[in-house]
Amino acid sequence: MRPAPPSTGFPFTAVVGMDDLQLALILATISPAIGGVLIRGEKGTAKSTAVRALTEILPPVEVVLGCRFSCDPEAPAADCPDGPHAVPEAVSRAARLVELPVGATEDRVLGSLHLEKALAEGVTAYEPGLLAAAHRGLLYVDEVNLLHDHLVDVLLDAAAMGRATIERDGVSVTHPARFVLVGTMNPEEGELRPQLLDRFGLTVDVVASRDPAVRVEVMRARLSYEADPAAFVTRYDGPQRELAERIVKARDLLGEVILTDSALRQIAEICASFDVDGMRADLVTARTAVAHAAWSGRTVVEVEDVRAAAKLALPHRRRRNPFDAPGMDDDQLEQAIQNSMPQDPDDDPDGGPDGGSGGGTDPDTAPPTDSSGDRNPTNEQDEAETPATGPDLPRNSADPDPADQSTEQPGRPTPVGEVAGSSEPYKARLLSVQAAGAGVAGRRSRAITEVGRVVGDRPRVGRESGRPHLLATIRAAAPHQHARGRTGAGLSVRATDVRLSVREGREGNLVLFCVDASGSMGTKKRMGEVKTAIVSLLLDAYQRRDTVGLVTFAGAEATVALPPTGSVETAVRRLESLPTGGRTPLAEGLMQAAEVLRIAAIRDPRRRPLLVLVTDGRATQGEKAFARAKQAAGWLAQRGIATVVVDCEPRRGVRLGLAGELAGDLGAEYLDLGDVAAGNLVRTVSEWKVA
């Protein structure tokens, strides 16, 4: 009987319908200087399967025996912490896949001081982290969009520089860290910030095929693998070996590939036509084109290599604001390639500076421009018809706009089911929960977190990792030195003596919007202003790494339009499509918000909530509607829910002040709609203390 293969993981060559994903991973392994791959896709699209299968086709790695940093025996790093390697003994091992969990700390990623050795032996001993383990292999981060931003920065810096530098806690270490960084994410759970997206070399959007034939092939392959993994893997031995050999040949050929001046010019023109920021797009596209040429067995970069590189390197660099989805139109790319192709003036009847030769833009395919030449003007007609109200400030008056008189009468409530759109968002005022919590790292409220200023110390639990508090550890160990029989230099330190630093930073909160979508909110113009204010607050939540939720109430009931999620983009889309009209079930809205917060506290107890109630306070649904709303508000206040009330009642005319009264019952901070855009002023939401 034939022995079972050493690995029974799903073969890379057996992955079906993921050609772009497979190509991106292969190119990144051929040329790690590309900067890694980000894989975006919905759940159940084999993202993790493809990444884990990649190691099976990578060639084995020769390393120095006993070196924790996987030095190459032929060229060991001169500054290797385990060196110098005078006469290194080589050993071969398989390419390594190191997985970084979402909850990893900076100490676990970079490495840290070996505290017991430092105190007991008086030596600075460095304990390597995951970056050292990933050297000359793959570093895989699943759900990279849920990783703390500062850790993503650390990973991307190391991937770009090929080295990791640790300067902390008395440790000064630099070691090689050349690896292929691969991140996967589900956009439904929140996007990476544009500046972090840009740091990934390549990006692939993965979606399940809608072709029934492809889906059948996927099911057949997976079921066959699950029935007999060993036999299934054996069936792909040949294709796996062929692919591995091709990757080795491409790596060897990489240094011989010529990137001509015309290819460089073409890459520059394509990147400029897509209006990307900075020069990273040009550099990554050039490196990817060279890798693709080597993969194709060519020694000169051709147009096909540039096309393949641009498809992988540019889509995620086109986001102009945080709510834009990454992506690129294939037709636009083809047009940019055609425009960048050198043309013979004799073949162009319209040649010359005004004829469009040499990379001009086709007016039939160019993006729309305004009179100043700016591309993609937004809401041009609305801006021309809306009276000026000052920069970045919403309109606060309920007076009708002349542009609306053709469809609705002044002051007429929004018809039931009608959708009002928002305008350009503005910088919103910071809202935060007052007392310091112990939540997840973010940028909103004060909290005890893993990063920030030192405010105290605490005992270490078990083998818990974290930044040590050296002075506190010494104080804890000092009284026991005589009893422990210490003689000579150094301290006798035990695990129970170790103290970790307590740091205060900022946390992310759950910002739950409870939005009045009833007819009492006034005209369509007024509801548009309300949506603009909420979108501005959502943008602020995005930048502060909050999770958000959306509850709406209108007619006879309240609805959870969006359960708590990290995808602020989804919240914006739900809000924009929100219809308005009908009566105002204010009490029902408050109770529905309370239920959402109750469930959220069970699922994520460390994330403190911040309720933002957007209403004019005019409860009209059912008997004693406002009295029931006040009762619900008091119930929320008793449970210590930090709340802010945004009053949408028009400033002109008779004001009832119901929203302000409701804010008093909630123990909430009160804001007028116009005060949401208050520059850099800070409003703190006081937490209600239960008597």
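Colleague: In this predicted model, which helix holds threonine 473?
Modeller: The model is a prediction, and local features are reported from it with pLDDT of at least 70. Threonine 473 falls within residues 470-477, the run that makes up helix 16.

Colleague: Is threonine 473 buried or exposed?
Modeller: Buried means under 20% relative accessible area. Threonine 473 has a relative accessible area of 0%, so the residue is buried.

Colleague: What distance separates the backbone nitrogen of arginine 499 from a polar atom of the side chain of threonine 473?
Modeller: A polar contact requires N or O atoms within 3.5 Å. The side chain of threonine 473 offers a polar atom to the backbone nitrogen of arginine 499, and the separation is 3.0 Å.

Colleague: Which side chain makes a polar contact with that of serine 567?
Modeller: Serine 567 sits in the loop between strand 19 (557-565) and helix 18 (568-576). With a relative accessible area of 1%, serine 567 is buried. The contact is 2.7 Å, and the partner side chain belongs to threonine 570.

Colleague: How many of the 12 residues of helix 1 are buried?
Modeller: The buried residues of helix 1 include Leu21, Gln22, Leu23 and Ala24. Thr29 and Ile30 of helix 1 are also among them. Helix 1 is mostly covered, and the count of buried residues is 10.

Colleague: How far apart are the end C-alpha atoms of helix 1?
Modeller: Helix 1 covers residues 19-30, and at 1.5 Å a residue its 12 residues should span 16 Å. The expected span is 1.5 Å times one less than the number of residues. The distance in the model agrees with the expected span: the end C-alpha atoms are apart by 16 Å.

Colleague: Which residue is joined to glycine 83 by a cis peptide bond?
Modeller: Omega at this bond is about 0 degrees. The partner is in the loop between strand 2 (61-64) and strand 3 (90-93). The residue joined to glycine 83 is proline 84.

Colleague: What is phi of lysine 624?
Modeller: Lysine 624 is in the loop between strand 21 (609-615) and helix 20 (625-638). At a relative accessible area of 69%, lysine 624 is exposed. Its phi is positive although the residue is not glycine, with a value near 50 degrees.

Colleague: And what is phi of arginine 136?
Modeller: Arginine 136 is in the loop between helix 5 (130-134) and strand 7 (138-142). Its relative accessibility is 25%, so arginine 136 counts as partly exposed. Phi is again positive in a residue other than glycine, near 70 degrees.

Colleague: How many residues apart along the chain are aspartate 79 and arginine 163?
Modeller: Their side chains meet in a salt bridge, at 2.4 Å from N to O. The pair links distant parts of the chain, with aspartate 79 in the loop between strand 2 and strand 3 and arginine 163 in strand 8 (residues 163-168); the separation in residues is 84.

Colleague: Which residue forms a salt bridge with aspartate 157?
Modeller: The closest N and O atoms of the pair are 2.5 Å apart, and the partner is arginine 199. Aspartate 157 lies in helix 6 (residues 149-161) and its partner in the loop between helix 7 (194-197) and strand 11 (202-206), so the bridge ties together parts 42 residues apart in sequence. Aspartate 157 is partly exposed at 39% relative accessible area, and its salt-bridge partner is arginine 199.

Colleague: Is aspartate 647 buried or exposed?
Modeller: Aspartate 647 forms a salt bridge with arginine 655, with closest N and O atoms 3.4 Å apart. Arginine 655 is partly exposed at 33% relative accessibility. Aspartate 647 has a relative accessibility of 0%, so it counts as buried.

Colleague: What distance separates the C-alpha atoms of leucine 666 and isoleucine 641?
Modeller: Leucine 666 is found in helix 21 (residues 658-666). At 1% relative accessibility, leucine 666 counts as buried. Isoleucine 641 is 25 residues from leucine 666 along the chain, and their C-alpha atoms are separated by 8.4 Å.

Colleague: How many disulfides does the structure hold?
Modeller: Cysteine 271 is buried at 2% relative accessible area. Cysteine 648 also counts as buried, at 2% relative accessibility. A disulfide needs a pair of cysteine sulfur atoms within 2.5 Å. The number of disulfides in the structure is 0.

Definitions and conventions:
Residues are numbered from 1 along each chain as its sequence is written. This is a predicted model: local features need pLDDT of at least 70, side-chain atom pairs count only at pLDDT 80 or more; totals for chains, interfaces and linings use all residues. Side-chain values use heavy atoms; hydrogens and water are left out. Buried means under 20% relative accessible area, exposed over 50%, partly exposed in between (1.4 Å probe, protein chains only). Helices (H or I, at least four residues) and strands (E, at least two) are DSSP runs, numbered from the N terminus. A polar contact is a pair of N or O atoms within 3.5 Å; within protein, one must be able to donate a hydrogen and the other to accept it, and residues adjacent in sequence count only if both atoms are side-chain atoms. A salt bridge is a side-chain nitrogen of Lys or Arg within 4 Å of a carboxyl oxygen of Asp or Glu.
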